[in-house]
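Biologist: Could you take one part of this model and walk me through it closely? I'd like the side-chain contacts and whatever sits around them, in plain talk.

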Amino acid sequence: MDFSSPVFWVALLQIIWIDLLLSGDNAVVIALACRSLPEKQRKWGILLGAGAAVGLRILFALAVSFLLGVPFLKVVGALLLFWIAIKLV
């Protein structure tokens, strides 16, 4: 994996962008968790909750983009999913 390649950075930014777009449910969970707090604590709870959610999503996107470069990891994952599907049937 070449971290200096523009292709890597474009792919990483696409993963991060899509992940952030799909994270609308985080706002609902944060709002529900902070709704009964006093006004000052509610502001801090929303800011810290949203910041932690964004930070963790970026961190996990980096980890996933690294793992996708590991040889044969997709094959192992596919075999595990196939085994789970067989067990469910």
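**The salt bridge and its surroundings**

Modeller: Glu39 and Arg42 bring their side chains together in a salt bridge, 3.0 Å from N to O. Bear in mind that this is a predicted model. In general, side chains of opposite charge can pair when their charged atoms come close. For this pair, the spacing along the chain fits nicely: Glu39 and Arg42 are three residues apart in helix α3, so about one helical turn separates them. The structure holds one salt bridge, so with N to O at 3.0 Å against a cut-off of 4 Å, Glu39 and Arg42 are the pair that counts. As for how open the site is, Arg42 comes out as partly exposed, because its relative accessibility of 27% falls between the 20% and 50% limits.

Now follow α3 along. The helix runs over 39-67, and Phe66 lies in it too. Phe66 is partly exposed, at a relative accessible area of 48%, and it belongs to a nonpolar patch on the surface. The other members of that patch are Phe3, Trp9, Leu67, Val70, Leu73, Val76, Leu80, Leu81, Trp83, Ile84 and Leu88, and together the patch has about 1,200 Å² of accessible area. Two elements give it two or more residues, α3 and α4 (73-88). Of the elements, α4 gives the most, with seven residues.

Between those two helices there's a loop, and Pro71 sits in it. Pro71 counts as exposed, since its relative accessibility is 63% and the limit is 50%. If you want a sense of the distance back along the chain, take Pro38: it is 33 residues from Pro71, and their C-alpha atoms are separated by 51 Å.

One patch member leads to another contact. Trp9 is in the nonpolar patch, and it also pairs with Phe8. The structure holds one aromatic pair, and here it is: the rings of Phe8 and Trp9 are 5.0 Å centre to centre, with 80° between the planes. That makes the arrangement edge-to-face, because the angle is over 60 degrees. The two partners differ in cover: Phe8 is buried, at a relative accessible area of 13%, whereas Trp9 is partly exposed, at 40%. The 20% limit is what puts Phe8 on the buried side, because 13% is under it.

Terms used. Residues are numbered from 1 along each chain as its sequence is written. This is a predicted model: local features need pLDDT of at least 70, side-chain atom pairs count only at pLDDT 80 or more; totals for chains, interfaces and linings use all residues. Side-chain values use heavy atoms; hydrogens and water are left out. Patches are made of residues with over 30% relative accessible area and no salt bridge: like charges are joined within 9 Å, nonpolar side chains (Val, Leu, Ile, Met, Phe, Trp, Tyr) within 5 Å. Accessible areas come from the Shrake-Rupley method with a 1.4 Å probe; for residues, only the protein chains shown count as cover. Helices (H or I, at least four residues) and strands (E, at least two) are DSSP runs, numbered from the N terminus. Buried means under 20% relative accessible area, exposed over 50%, partly exposed in between (1.4 Å probe, protein chains only). Rings of Phe, Tyr and Trp (its six-membered ring) pair if their centres lie within 6.5 Å; planes under 30 degrees apart count as stacked, over 60 as edge-to-face and the rest as tilted.
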